[in-house]
Amino acid sequence: MNQTPDTAAPILVNAAFDSGNIEVLSIDGTRATLAIRRDNQSEFAQWFHFRVSGVAGRELDLAITGLNTSAYPDGWPGYSACVSEDRQLWTRAASDFDRGRDGGTLHIRHRPAGDVVWFAYFAPYSMDRHHDLVSEAAASPGVVHRTLGLSLDGQPIDCLDLGEGPLQVWLYARQHPGESMAEWWMEGALEALTDPADPHGRALRQACTFHIVPNCNPDGSARGHLRTNAVGVNLNREWHEPTAERAPEVLAIRNAMDATGVDFAMDVHGDEAIPAVFLAGFEGIPSLTDAQLAGYQRYRAILDRRTPDFQVRRGYPETRPGQGNLSMSTNQVAERFGAVAMTLEMPFKDNADLPDPLFGWSPERSKLLARECLAALLEWIDTRES
């Protein structure tokens with residue numbers, strides 16, 4: 001029997017699922033006033049992920065309010081929300097930000113084709129997809145899976161080891177769980193490294209031993225947090241003295257690093273405000289050497305030459321000599337191991353140098369960037385050895 005949708009019925013907004021986050025303040029027909037729930041035991045709020053049903057092809061008018069007190073209010077001007085009807089293809093919905101409306105409001109207008117639609121701060125990377133990624137990589141020839149430890153909610157901290165070369169390379173992502181582009185990057189990296197036909201992957205497996213942690217913060221990911229773990233701790237401020245009570249995730253990863261040593265490390269993130277891909281280094285660590293800094297600068301220059309999605313003009317200011325924050329992973333790893341370490345940042349918005357109004361920065365571009373980062377690493381090794 002055919003059913004005619006009720007075009008006057010109010011929509012239903014729900015976020016009771018993996019990585020869901022929204023509070024419903026009011027609904028009037030196809031209009032909804034919403035707010036972002038803060039991370040547990042924390043003031044951080046920026047990540048949202050919710051679905052709207054009962055749409056019946058009508059135009060939605062959604063207002064996410066109170067954003068002037070979000071974690072990064074500069075992240076909203078010029079930002080467009082991600083939207084999907086099949087949870088596979090994520091595009092951008094028409095969005096604008098008004099600082100003067102209801103404490104700062106992101107206004108989203110969208111007319112879906114079907115009756116159910118999902119919105120998110122960035123294309124989500126679910127815990128189910130994480131486990132699929134781990135299982136597929138672990139089943140690949142030459143890959144060893146390890147559980148480095150457990151999170152506070154009891155989730156495993158997965159690590160994938162591969163390669164037989166002398167250079168110890170650590171790649172890790174999603175210390176800040178809302179930065180889901182970081183795990184899309186990891187998917188691209190693992191696909192390249194486990195593909196027997198990929199020439200860069202084959203050469204890198206000969207030159208390096210990789211230790212890859214696709215998701216450092218599974219609790220925050222599942223809970224719909226932006227930046228913290230189950231008890232509101234920012235993991236990227238715990239690397240100087242991690243404890244089992246506050247940050248068992250960092251303690252497990254750092255202990256594993258102590259066992260292998262680290263020559264090269266990349267900590268993969270996303271930035272809310274800056275519409276660009278860039279690197280942040282370790283210029284302020286106390287034990288900085290000229291050779292260490294030159295190694296970082298050479299890698300950055302190689303990546304800048306290899307892909308137009310990367311640039312060196314925008315980014316964070318360099319830390320003054322001796323002022324490096326050793327609670328942050330890049331500084332701690334560089335100081336602790338004498339490694340060439342770095343933080344890779346991708347945008348939540350779009351790449352202003354190569355804008356894509358339909359998709360913005362996307363999972364696909366994150367995965368392609370991972371391949372370029374690995375190709376740059378191989379070139380960096382070759383020039384290092386010569």
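In this predicted model, G281 sits in the loop that links β16 (278-280) to α6 (290-306). Leaving aside residues up to four places away in sequence, the contacts of G281 are with Y296, T330, N331 and A341. There is also T319 to consider: this residue lies 38 residues from G281 along the chain, and the C-alpha atoms of the two are 8.8 Å apart.

One of the residues touched by G281, T330, brings the picture round to helix α7, which spans residues 329-337. This helix packs with α5 (residues 248-260), the axes being 12 Å apart and the angle between them about 25°. Since angles under 35 degrees count as roughly parallel, α5 is roughly parallel to α7. As for handedness, the α5 and α7 crossing is right-handed. On the α5 side, R254, M257 and D258 do the touching, and they meet Q332, V333, R336 and F337 of α7. It's a mixed contact: three of its residues are nonpolar, one is polar and three are charged.

Now for the strands, beginning with β5 (residues 60-65). Six of its six residues are buried, so the strand is largely enclosed by the rest of the structure. In a regular strand, side chains alternate between the two faces of the sheet. For β5, L60, L62 and I64 are on one side, with D61, A63 and T65 on the other, and both faces are covered. Burial here is thus not confined to one set: D61 is buried, and so is L60.

Two partner strands of β5 can be described. With β3 (residues 31-35), β5 pairs in the parallel sense, over five bridges; here T65 stands opposite A35. With β9 (residues 105-110), the pairing also runs over five bridges, but in the antiparallel sense. In that pairing, I64 has L106 of β9 as its bridge partner.

Elsewhere, five strands make up an open sheet with antiparallel pairing, in the order β1-β4-β10-β6-β7. The edges of this sheet are taken by β1 (12-14) and β7 (91-92); each has a single partner strand, so one side of each is left without a neighbour in the sheet. For β7, the link to β6 (residues 82-84) consists of two bridges, and the two strands run antiparallel. C82 has its bridge partner in β7, namely R92.

Note on methods: Residues are numbered from 1 along each chain as its sequence is written. This is a predicted model: local features need pLDDT of at least 70, side-chain atom pairs count only at pLDDT 80 or more; totals for chains, interfaces and linings use all residues. Side-chain values use heavy atoms; hydrogens and water are left out. Two strands pair if DSSP finds at least two bridges between them. Helices (H or I, at least four residues) and strands (E, at least two) are DSSP runs, numbered from the N terminus. Contact means heavy atoms within 4.5 Å. Buried means under 20% relative accessible area, exposed over 50%, partly exposed in between (1.4 Å probe, protein chains only). Axes are lines fitted to C-alpha atoms, for helices over the stretch in contact, and angles run from 0 to 180 degrees between N-to-C directions. Angles under 35 degrees count as roughly parallel, over 145 as roughly antiparallel, 65 to 115 as roughly perpendicular and the rest as oblique. A crossing is left-handed if the near helix is turned anticlockwise from the far one by less than a right angle, and right-handed if clockwise. Ala, Val, Leu, Ile, Met, Phe, Trp, Tyr, Cys and Pro count as nonpolar, Asp, Glu, Lys and Arg as charged, and the others, Gly among them, as polar.
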